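Q: Please take a close look at the contact between chain A and chain B. Which residues and elements build it, and what lies in the pocket lining?

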Amino acid sequence: MTYALRVGQVAAVALVAALLGLLAWKLAEDEGRRESGPAPSFRLDRLDRDGSLSLASLRGKAVVVNFWASWCVPCRDEAPILDAAWRKYRDRGLVVVGVDVRDFSEDARRFARRYRMSYPLVKDDGTRVEREYGITGVPETFFVDRQGNLVGDPIAGPVDASEEIERRFEETIQEALG
Amino acid sequence: VTAARALLTVVAVLAVAAPARASEERPTMAELESETVCPVCGSTVDQSNAPIADRMRAFMRARIAAGDTKSEIKRSLVAEFGPSVVEPAPPKEGFDLLAWLLPALGLAAAAIALGVAAVRWSRRRDGDSGAGPPADPEQNGRPPGDAELERRLDEELARFEG
């Protein structure tokens, strides 16, 4: 009986250790937000017109990848700033791409019309692209240089959240433009 | 008898199939809300207060009114949000596969432990009934006591009575 009890105790400890190991493995597996290296590629259906748009097709341009949704309140204030940046720098080779996530396409189109988002808009394929970028919510903005690499720090939250963030937004666009 | 059995089988099948067909052709809001997942918070839609869950409810209401079947409504939601919107359970791949495997492994381990305990218990009972000395009728079914204790008890009783 004592032997059986000891075997049971060892098995219980081994089980707890195995579960802790699995937890550690899961935490290590989660890459979190992508902040450097090649930007995760995507080809997504466009919301603002027919067809699709791939990140690869924008190679040679600097890209601002903005994750947004029509139900996201801060995205309303952010949209005009992104649109202004797109208009200001597009001749120098900047493209702003709005990636709509977890949203109805029709709601997103209505939102885009209402807030006059003239830059290219695409809809995420389920949650694939947002997971590859590791976003934690919307809005969230990434910067890609002309070689297709992520530059600067991503901005989690609206790009107009504070003067410091607005300044960082401008600086990182310049860095992406090179 | 064979005809009666066949008739019973048909009635049983119809009894199960009719509500399922009604649910498919005329889904209710409660069914759809409990079978779909809020893409923002991960709860079923009926448990979610997220703005997108409100929009999903409005969408479902409109599609039910338009006469869509449950499958059609779910397909539309999958087209917008991906397959996870109709899978309240974790995906059966990668790390999430453990959520499916661990309960089964736990049940198997518990069944094995129970089986081993039952076998041990059964063997001990067999040992108790067959191998021990014959029972003393004076003990009246009680286990034999400590001899020293019984001797002291007899002495105390004798002193009390004497």
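A: What follows describes the interface, then a pocket and a salt bridge within chain A.

This is a predicted model, in which local features need pLDDT of at least 70, side-chain atom pairs count only at pLDDT 80 or more, and totals for chains, interfaces and linings use all residues. Residues are numbered from 1 along each chain as its sequence is written, chains are lettered from A and ligands numbered from 1 in the order in which they are written, and side-chain values use heavy atoms, with hydrogens and water left out.

Chain A brings 15 residues to the contact and chain B brings 16 residues, where contact means heavy atoms within 4.5 Å. Between the two chains about 1,400 Å² is buried, and carbon and sulfur atoms give 68% of that; buried area is the accessible area (1.4 Å probe) that two parts lose on being put together, summed over both. On the chain A side, the residues losing the most area to chain B are Trp71(A), Arg102(A) and Phe104(A), which together make up 43% of what that side buries.

The interface has two salt bridges, each a side-chain nitrogen of Lys or Arg within 4 Å of a carboxyl oxygen of Asp or Glu. Arg55(B) and Asp107(A) meet in a salt bridge, at 2.5 Å from N to O. Helices H1 (2-29) and H3 (105-114) of chain A each supply at least two residues of the side that touches chain B; helices (H or I, at least four residues) and strands (E, at least two) are DSSP runs, numbered from the N terminus. H1(A) gives the most to that side, with six residues.

The second largest pocket has a volume of about 590 Å³. A pocket is an open set of points on a 1 Å grid over the protein atoms alone, where a 1.4 Å probe fits, with protein on both sides within 12 Å along at least five of seven lines; lining residues have an atom within 4 Å of a point. Its volume is the space filled by probe spheres set on the points, which are joined across faces, edges and corners. Of its 20 lining residues, Gly8(A), Ala11(A), Ala109(B), Ile112(B) and Ala113(B) are the closest to its centre. H1 of chain A and helix H5 (97-130) of chain B each give two or more residues to this lining, and H5(B) has the largest share, eleven residues.

Arg102(A) also forms a salt bridge with Glu130(A), with the closest N and O atoms 2.6 Å apart. Arg102(A) is in the loop between strand S4 (94-100) and H3 of chain A, and Glu130(A), 28 residues apart from it, is in helix H4 (residues 128-133) of chain A.
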